[in-house]
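Student: I have a structure open in front of me, and I would like to learn how to read it step by step. Could we work through it together with questions and answers?

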Amino acid sequence: MTAALLLGGCSAAGPSVREASTADLKDGQVEWAFTQADQHPEKKLIEVIDGASETLDIAIYSLTYPDIVQAIKNAAGRGVKVRIITDRIQSGGKSQKEALKLLGSAGIPLKINSHSGLMHLKMTIADGEVATTGSFNYSKSASTTNDEIFMAFRDAEIARSFSERFEAMWNDDNDFETLRASIAMPEEKTPSDAAGAEDAGTDGEAGEAGEDGGAGKTAAPASCKNPRIKGNINSKGDKIYHVPGGAQYERTKEEALFCTEAEAEAAGFRKAAG
């Protein structure tokens, strides 16, 4: 298949600036997308995640974008074996902590770096066949306002090299440690809480860890055995709770459960209209 066909029949002058680009490799293809060219790298990433059928390994510095978090959670829900490595300091940011609790509650194993440097990789490997990288973090600002690039290599040799590095990190007990996170866990102090990094960000990622606008309290353990109030985070990152009998209650897929409205509000959720 030629690059022109992969680009969807663009003119000889080159692809439209709003279309992500693709080129042939020896045994596969490479695709790329720029945020500021309106090429939506987050959508290209979600395509890769949605296409995974067996394994999904992710090493990512910043992980806060609700649509990406939901796609990862959906992959685990359909039986894909998902593993995530992220940065120790970023994992303590308000939005990222919430995202990791949702993913941990879905049974996804999580690890963070224990070495002194940043876990600054941005890569995903799907089924050992597709590997992604670039400057693109999995955050709202990287998807909408930053100058970023996302690249996806549909090439088994490249994916194998990425997988080998991920596996070495995952099995390195000296430089990486297990992170236990779930919605039912109580709030704990983290290194970034102490340093204030959840609001300022690090390495130029200012504000990414605080994209929830400061509402980032996380869900405390439910105070009853049968919590029925549903908490949901929409595509804009808004945290909304639904009570039984509400207009959207039956159709809402819960990402947190609460016993009382006070509990939901204490966790940073607001009541749904109607």
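Student: Which residue follows helix 3, and what is its phi?

Tutor: This is a predicted model, so every angle we discuss is taken from predicted coordinates. Helix 3 is followed by a glycine with a positive phi. That residue is Gly79, and its phi is near 100°.

Student: What span should helix 3 have, and how far apart are its end C-alpha atoms?

Tutor: Helix 3 covers residues 66-77, which makes twelve residues, and each is allotted 1.5 Å. The expected span counts one less than the number of residues, and for helix 3 this gives 16 Å. The end C-alpha atoms agree with that expectation, since they are 16 Å apart.

Student: Against which elements do the buried residues of helix 3 pack?

Tutor: The buried residues of helix 3 include Ile68, Val69, Ile72 and Ala76. Together, the buried residues of this helix pack against helix 2, strand 3, strand 4, helix 4 and strand 10.

Student: Which residues other than glycine have a positive phi, for instance in the loop between strand 6 and strand 7?

Tutor: Most residues other than glycine have a negative phi, so a positive value deserves a second look. His40, in the loop between strand 2 and helix 2, has a positive phi of about 55°. In the loop between strand 6 and strand 7, the residue with a positive phi, near 55°, is Asp127.

Student: Is Met123 buried or exposed?

Tutor: Met123 sits in strand 6, and beyond its neighbours in sequence it is in contact with residues that include Ile58, Tyr138, Phe162 and Phe166. Its C-alpha is also 6.2 Å from that of Ile60, although the two residues are 63 apart in sequence. A residue under 20% relative accessible area counts as buried, and Met123 has 6%, so Met123 is buried.

Student: How far apart are the N and O atoms in the salt bridge between Arg154 and Glu31?

Tutor: Arg154 lies in strand 8 and Glu31 in strand 2, so this pair ties together parts that are 123 residues apart in sequence. Arg154 is partly exposed at 31% relative accessibility, whereas Glu31 is buried at 10%. The N to O distance in their salt bridge is 2.5 Å.

Student: Which salt bridge links strand 3 with strand 4?

Tutor: The two partners are 26 residues apart, one in strand 3 and the other in strand 4. Both of these residues are buried, and their side chains meet with an N to O distance of 2.9 Å. The salt bridge is the one between Asp57 and Arg83.

Student: Which residue forms a salt bridge with Glu98?

Tutor: Glu98 lies in helix 4 and its partner in strand 11, so the pair ties together parts that are 141 residues apart in sequence. Both residues are buried, and their closest N and O atoms are 3.9 Å apart. The partner of Glu98 is Lys239.

Student: What is the mean pLDDT of the protein chain, and where is the pLDDT below 50?

Tutor: The mean pLDDT of the chain is 80, and 77% of its residues reach 70 or more. The pLDDT stays under 50 over residues 1-16, a stretch for which the model has 21 contacts beyond four places in sequence. The pLDDT is also below 50 over residues 189-222.

Key. Residues are numbered from 1 along each chain as its sequence is written. Side-chain values use heavy atoms; hydrogens and water are left out. Helices (H or I, at least four residues) and strands (E, at least two) are DSSP runs, numbered from the N terminus. Buried means under 20% relative accessible area, exposed over 50%, partly exposed in between (1.4 Å probe, protein chains only). Contact means heavy atoms within 4.5 Å. pLDDT is the predictor's confidence in each residue, from 0 to 100. A salt bridge is a side-chain nitrogen of Lys or Arg within 4 Å of a carboxyl oxygen of Asp or Glu.
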